[in-house]
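Me: Please give me a close look at the nonpolar core of this model, then carry on to whatever lies around it. I'd like one connected answer.

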Amino acid sequence: MQAWPLLERQIILTQRIEQLVKLRDHPQMTRSDGVKVWPPRWVAGVQPAARWPTGEVGTLQEVSKPENLDSYLFLTIEYDGLQYFGIVHFDDLKFCEDMYNLLQSKMGCSIKEIGDLYLLRTL
């Protein structure tokens, strides 16, 4: 007779798992104009553009939010002993704030690890 509550819990758990998506694949990581914001494009003033890294590389060193650009985050990574900078620009201000808080908690993690994080699709 206790099977129904267990079955209901399994259904609820399954529904929640189906709502999970990796950060890099989250719908809010693609802007309405189709531009993917993760991973950022990495730039550095000390190297020619041809040598800038691409993709989910490096370790997150800093995240900042400019005061006059509400939906932007500036990221700093370290990769091969050099610092690189990237910008992520979101359509949704609340999601930008949520990502800022999440990234603040992930300082020192690799960009790939961060991209692998699971988020609720409705975050």
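**The core and its surroundings**

Reply: Five residues touch the most other members of the 23-residue largest nonpolar core: Leu 23, Met 29, Phe 90, Met 99 and Leu 103 (a core joins buried Ala, Val, Leu, Ile, Met, Phe, Trp, Tyr and Cys through side-chain atoms within 4.5 Å; buried is under 20% relative accessible area, exposed over 50%, partly exposed in between, with a 1.4 Å probe and protein chains only). At least two core residues come from each of strand 2, strand 3, strand 4, helix 2 (93–104) and helix 3 (111–116); helices (H or I, at least four residues) and strands (E, at least two) are DSSP runs numbered from the N terminus. Helix 2 gives the largest share, five residues.

Keep in mind that this is a predicted model, with local features needing pLDDT of at least 70 and side-chain atom pairs pLDDT 80 or more, while totals for chains, interfaces and linings use all residues. Numbering starts from 1 along each chain as its sequence is written, and side-chain values use heavy atoms, without hydrogens or water.

Start with Leu 23. Beyond its neighbours within four places in sequence, Leu 23 is in contact (heavy atoms within 4.5 Å) with Met 29, Trp 38, Met 99, Leu 102, Ile 114, Gly 115, Leu 117 and Leu 119. So Met 29 and Met 99 turn up again: both are among the core residues that touch the most other members, and both are in contact with Leu 23.

Trp 38, another contact of Leu 23, also has a backbone oddity. The peptide bond running from Trp 38 to Pro 39 is cis, with omega near -10°, and Pro 39 sits in the loop between strand 1 and strand 2 (59–64). Most peptide bonds are trans, so that's one to look at.

Now Phe 90, again from the core list. The structure holds two aromatic pairs (ring centres within 6.5 Å, taking the six-membered ring of Trp; planes under 30 degrees apart are stacked, over 60 edge-to-face, the rest tilted). One of them joins Phe 90 to Phe 95, edge-to-face, at 5.4 Å centre to centre and 75° between the planes. Phe 90 counts as buried because its relative accessible area is 2%, and Phe 95 is buried too, at 1%.

Helix 2 also takes part in a salt bridge (a Lys or Arg side-chain nitrogen within 4 Å of an Asp or Glu carboxyl oxygen). By that rule there are seven. In one of them, Lys 65 meets Glu 97 at 2.3 Å, N to O. This one links distant parts of the chain, 32 residues apart: Lys 65 is in the loop between strand 2 and strand 3, and Glu 97 is in helix 2. Both ends are partly exposed, with Lys 65 at 34% relative accessibility and Glu 97 at 32%. Elsewhere, Lys 22, Arg 24, Glu 56, Lys 112 and Asp 116 are joined into one network by salt bridges that share partners. Within it, Glu 56 and Arg 24 meet at 2.8 Å, N to O. Arg 24 is buried because its relative accessible area is 18%, whereas Glu 56 is partly exposed at 22%.

Last, strand 3, which supplies at least two core residues, also holds Thr 76. Thr 76 is buried, at 8% relative accessibility. Leaving out residues up to four places away in sequence, Thr 76 touches Thr 59, Leu 60, Gln 61, Glu 62, Gln 83, Tyr 84 and Phe 85.
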